[in-house]
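Here's a quick briefing to read alongside the model. Have the viewer open as you go.

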2 protein chains.
Amino acid sequence: MDTAEFRRRGKEMVDYIADYLENIEGRQVYPDVVPGYLRNLIPDAAPEHPEAYEEIVRDIERVIMPGVTHWQSPYFYAYFPTGSSYPAMLADMLSGAIGCIGFSWAASPACTELETVMLDWLGKMLNLPEEFLAGTEGQGGGVIQSTASEATLVALLAARAKILKRLQAENPGLAEPEILSKLVAYSSDQAHCSVERAGLIGGVKMKKIPSDTKFSVGGEALRKVIEEDKAAGLIPFYCCATLGTTPSCAFDNIMEIGPICNSENIWMHIDAAYAGSSFICPEFRHLLNGVEFADSFNFNPHKWLLINFDCSAMWVKKRSEIIGAFKMDPLYLQHDHQESGLVTDYRHWQIPLGRRFRSLKMWFVFRTYGLKGLQEYIRKHVSLAHEFESLVRQDKRFEICGDVVLGLVCFRLKGSNALNEKLLKAINNGRMIHMVPCYLADSFVLRFAVCGRTTESKHIQLAWENITEIGTEILQELQQ
Amino acid sequence: MDTAEFRRRGKEMVDYIADYLENIEGRQVYPDVVPGYLRNLIPDAAPEHPEAYEEIVRDIERVIMPGVTHWQSPYFYAYFPTGSSYPAMLADMLSGAIGCIGFSWAASPACTELETVMLDWLGKMLNLPEEFLAGTEGQGGGVIQSTASEATLVALLAARAKILKRLQAENPGLAEPEILSKLVAYSSDQAHCSVERAGLIGGVKMKKIPSDTKFSVGGEALRKVIEEDKAAGLIPFYCCATLGTTPSCAFDNIMEIGPICNSENIWMHIDAAYAGSSFICPEFRHLLNGVEFADSFNFNPHKWLLINFDCSAMWVKKRSEIIGAFKMDPLYLQHDHQESGLVTDYRHWQIPLGRRFRSLKMWFVFRTYGLKGLQEYIRKHVSLAHEFESLVRQDKRFEICGDVVLGLVCFRLKGSNALNEKLLKAINNGRMIHMVPCYLADSFVLRFAVCGRTTESKHIQLAWENITEIGTEILQELQQ
């Protein structure tokens, strides 16, 4: 395909994308296909010779779309939102065209520098403590990770390297495996599975701290486990607090946990993957109070801040601590400026070496929406969630589970888990809306997460109608 | 930005991209900026209110482009190539628009299924042993990782989980930390720094096996270290062989290493990040002979197969072994079909949870170029490298270092390291072409990697002219 053809095909693709998103409501949100559906629709090997582009485009509707779960549909209420907006897509096109790999400053200075400044911009939007910002003199700063899972892992590895270094300095005879076998990390029993995985990957114990009736971990629960572990000869070194848990969007009490971590020399990482975007609104910023005690903080603008995946923002107070966990410097990656204080080589901050020019997406989105526009977007989703909540509360057959703080509503039919499993299955089989469940204190609960960029009140009303119709049928069956 | 505006802006962006790539030769390949250049060009905080899109676009040339290292320029000969092609960019636009997160089959069946089939297509193009393919009945299969670094780490973690399981089954009293402290992994002393990092992250010893005069690790060198380690009570469990090392594109002897690993129960992972793309050509496929002994194999189509970053292809013979290292199954990620043999939940194969619809890029590129077109592309780069090699060989002041097998030529002025450091610095300061160095057997060497999609013979000739002119100047200075 030459440049002239790309001009034509690119414009056709822009129209296809615009049509897709403009008419997404008309598509069934969850597909009907069964496992293995796709293999039979295409050849079993790549073609020897080039195919016409028209053939490929025709196959998008024939092969791909029948198997797509439409995350951008206003009828999609599953998981958490994944960000999508036109300016982010435009920036991503540009990123693809530049096609640089920004592992070091020299590999493309703009790629590194825009990232550092965009993380400062975003940090200011969140009113993060100054220590987390890079500025021109700071010791902290931000980085784009691919996902929150990676941020959790990177923070754990940095904490592990830090404690190893400290303990070996204090006791020169102490062997690494001996220390590793005693290290213990903490997270809430409501934390995302990726936190447990980070412990597994890092080869350290990861203990789940029991959450309270609000699904939140407080200082007392943490202190109890720390005392027990220390008495048993273990070494607490890392705590991942969650702001906005995946099951119910609950908030750990970082105002209590933070000072404990600080006094015990435990690295506190905060995972606010979903909820973090809301902290740009002054009325939600209090949820982040206590971040001043953290060593690292992360959330996903690619979830709820209109930036397409991937863009997971992570800040640390001391970048030397994160770099120290990974630094490797072969000659082919060295460059003249690397020892300058102004230079960041992001390869030392992350698991992969390569990286796209992802900060362009932040730049385009922040400028196109402005802070006010982004705040409006967050507020609209929260208000839609409350609208749904009040519909649920008006129907005495249903109950709300947990507090509705942001865009997630957890609810269920009053009754057994089996009843609610049946309800969710029937709703998803109906294909009008799509949701996923969770367990809260052994109750099977339906999660209604406001996700779509174009979701409006009318969609919420239609979703509730759909849920209550199916609920009524199921309850009637039960009575018969 | 509404859909109507996106139609307009998207088409403008397509033209901008086409213009950029069409005229990239006119841009200086390496930028003149100094560290910190960008911060002063833009405000120090995000705007409160939306800005006009025109402002943002104007800033691409004012703020971004002056700091871009143009990886797609035909004057870029640094590192290794990073893939870029129009069909890949079109597919990526579509992927952004669909905006699904394919962590499980149910999260978007097309995203998972196309990936499995595309990895089968690509595996067939490479003539991989049947065991690595998923098919409908296979126990193996492929996955797209973000980078080769992640593939190396994932393979190491799978190997670690496998040996832990086996040793604990054999000796139920054996504690995990005790085993971990004895595990030892191997790679070449020429292996990429990410291999050493994988050992660091996984908390296991990683030993570098000395390479021979061709910078290749053979069976004898590996066997010697294994015997020593076993005698010392260590447990060898993982070996990362490299096909196409980063410094000089050397090849470990997997025909020798493979059987040793198999008989010693050592997981053999093959990292062919750059070279792997060439194996689609029958004349280069012999370089992959011995892959039949491997447990896992990885290369980066996003390097040399015209697919934009990120797209790192990894295959395993037994997918249960890779899944076993990571599997976590919270309710909110479960779905009806997950126990079916036909279903793959890729979240169990990787470090991050989220993932883009990246297989679309493979599908568009394979069909647009066809196998023949991709082979032609590889052959053109190899032939350009040989053209450069012969220019170097004709000039008695220079020497070639290592064999030129694919698209990388390592060379230097006959003389001291200081002389060659001076040469490279002058070349890069000249800004006409861009290269990075490496050390080979303590010699400072210049790496000339054919990278650009549009690089032609005339660019090679111009590059050589530039190098010899600067070389002559430096040698003359030296004589005076």
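What follows covers a sheet in chain B and then the contact between the chains.

This is a predicted model, with local features needing pLDDT of at least 70 and side-chain atom pairs counting only at pLDDT 80 or more, while totals for chains, interfaces and linings use all residues. Residues are numbered from 1 along each chain as its sequence is written, chains are lettered from A in the order in which they are written, and side-chain values use heavy atoms, leaving out hydrogens and water.

**The sheet in chain B**

- Seven strands (DSSP E runs of at least two residues, numbered from the N terminus) make an open, mixed sheet in the order 1-7-6-5-4-2-3.
- Strand 1 (141–145) and strand 3 (205–209) of chain B are the edges, each pairing on one side only; pairing takes at least two DSSP bridges.
- Strand 1 of chain B runs antiparallel to strand 7 (residues 312–316) of chain B, joined by five bridges, and B:I144 has B:A313 as its bridge partner in strand 7 of chain B.

**The interface**

- Contact (heavy atoms within 4.5 Å) links 143 residues of chain B with 143 residues of chain A.
- Across the interface of chain B and chain A there are 18 salt bridges, counting a Lys or Arg side-chain nitrogen within 4 Å of an Asp or Glu carboxyl oxygen.
- A:R356 and B:D92 form a salt bridge through their side chains, at 3.3 Å from N to O.
- Helix 1 (residues 3–22) of chain B gives the most to the side of chain B that touches chain A, with 16 residues; helices are DSSP H or I runs of at least four residues.
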